[in-house]
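Work through the exercises below with the structure open. Try each task before you read its solution.

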Amino acid sequence: MRLSSLSSAALAAALVAAAAVLAFSALPKLFVWAAFIGWASYDHSGATVQAAIRSSAALVFGVIMAWLVAVVVEAHVLPANAAVSTAIVAGTASFLIVIASRTALLSVVPATFYGFASTFAYLSLSSGAFTLQMLTSLSWRNAIISVPVSLLIGTGLGIVHGWLANVIAAREAGSGKLGLSGETRASRQVRQ
């Protein structure tokens with residue numbers, strides 16, 4: 001049976017996703033949902049070496065910005081209630097995120113917001129995570145440690161997905177040769 005490039009990419013995605021879910025079940029301090037966000041960010045950024053670098057940098061930048069917002073809010077730096085303080089600081093952070101996109105390394109603004117949103121998802125849904133004590137701890141419960149590691153593993157999953165799709169497509173085509181462009185034929189066809 002010969003698979004199309006799309007089928008090769010789909011099969012590779014299924015294998016990588018299944019392996020990721022199994023692996024993360026053994027790593028309860030990390031988040032498979034964040035890894036899938038990192039993977040998606042890599043893919044939507046172009047699924048190239050440059051995409052991996054820019055997407056990863058932007059994801060981590062987003063985490064740092066969200067963490068800073070949380071620290072400022074929890075430290076009660078502004079003389080306002082938590083909702084108003086969060087709104088002001090998050091608005092300021094969003095402004096800075098877009099301004100920072102002038103630099104090539106931080107130019108993938110959606111990836112920055114993926115990192116930002118992932119951090120706030122974790123802080124909002126994890127009991128005790130949105131406290132100054134936890135935000136400044138050297139533990140896996142600190143969002144600035146666990147969230148970027150999970151997101152960056154996702155970038156790795158995206159890279160493995162592209163490589164595996166290329167391997168499957170090459171095997172099916174009988175060529176046994178892999179492209180060296182950093183992007184698989186399968187992933188290019190999926191985007192088109």
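**Exercise 1: The whole protein**

The protein exposes about 9,900 Å², and carbon and sulfur atoms supply 70% of that area. This model is predicted.

Task: Describe the fold in terms of helices, strands and burial.

Solution:
- Step 1. Count the elements: there are eight helices and zero strands.
- Step 2. Read them from the N terminus: the order is α-α-α-α-α-α-α-α.
- Step 3. Turn to burial: the protein has 192 residues, and 42% of them count as buried.
- Step 4. Look at contacts with a separation of 6 or more: residues 24 or more positions apart account for 67% of them.

**Exercise 2: A pair of helices**

Task: Are helices α2 and α5 roughly parallel or roughly antiparallel?

Solution:
- Step 1. Locate the pair: α2 covers residues 32-44, and α5 covers residues 109-125.
- Step 2. Take the geometry: the angle is about 175 degrees, and the axes lie 10 Å apart.
- Step 3. Apply the cut-off: angles over 145 degrees count as roughly antiparallel. Therefore α2 is roughly antiparallel to α5.
- Step 4. Find the contact: α2 contributes W33, I37, S41 and H44. From α5 come P110, A111, Y114, S118, A121 and Y122.

**Exercise 3: A surface patch**

Task: Is I53 buried, partly exposed or exposed?

Solution:
- Step 1. Place the residue: I53 sits in helix α3, residues 49-74.
- Step 2. Take its relative accessibility, 43%.
- Step 3. Compare with the limits: buried is under 20%, exposed is over 50%. So I53 counts as partly exposed.
- Step 4. Name its partners: I53 forms a nonpolar surface patch of about 270 Å² with V49 and L105.

Methods:
Residues are numbered from 1 along each chain as its sequence is written. This is a predicted model: local features need pLDDT of at least 70, side-chain atom pairs count only at pLDDT 80 or more; totals for chains, interfaces and linings use all residues. Side-chain values use heavy atoms; hydrogens and water are left out. Helices (H or I, at least four residues) and strands (E, at least two) are DSSP runs, numbered from the N terminus. Buried means under 20% relative accessible area, exposed over 50%, partly exposed in between (1.4 Å probe, protein chains only). Axes are lines fitted to C-alpha atoms, for helices over the stretch in contact, and angles run from 0 to 180 degrees between N-to-C directions. Angles under 35 degrees count as roughly parallel, over 145 as roughly antiparallel, 65 to 115 as roughly perpendicular and the rest as oblique. Contact means heavy atoms within 4.5 Å. Accessible areas come from the Shrake-Rupley method with a 1.4 Å probe; for residues, only the protein chains shown count as cover.
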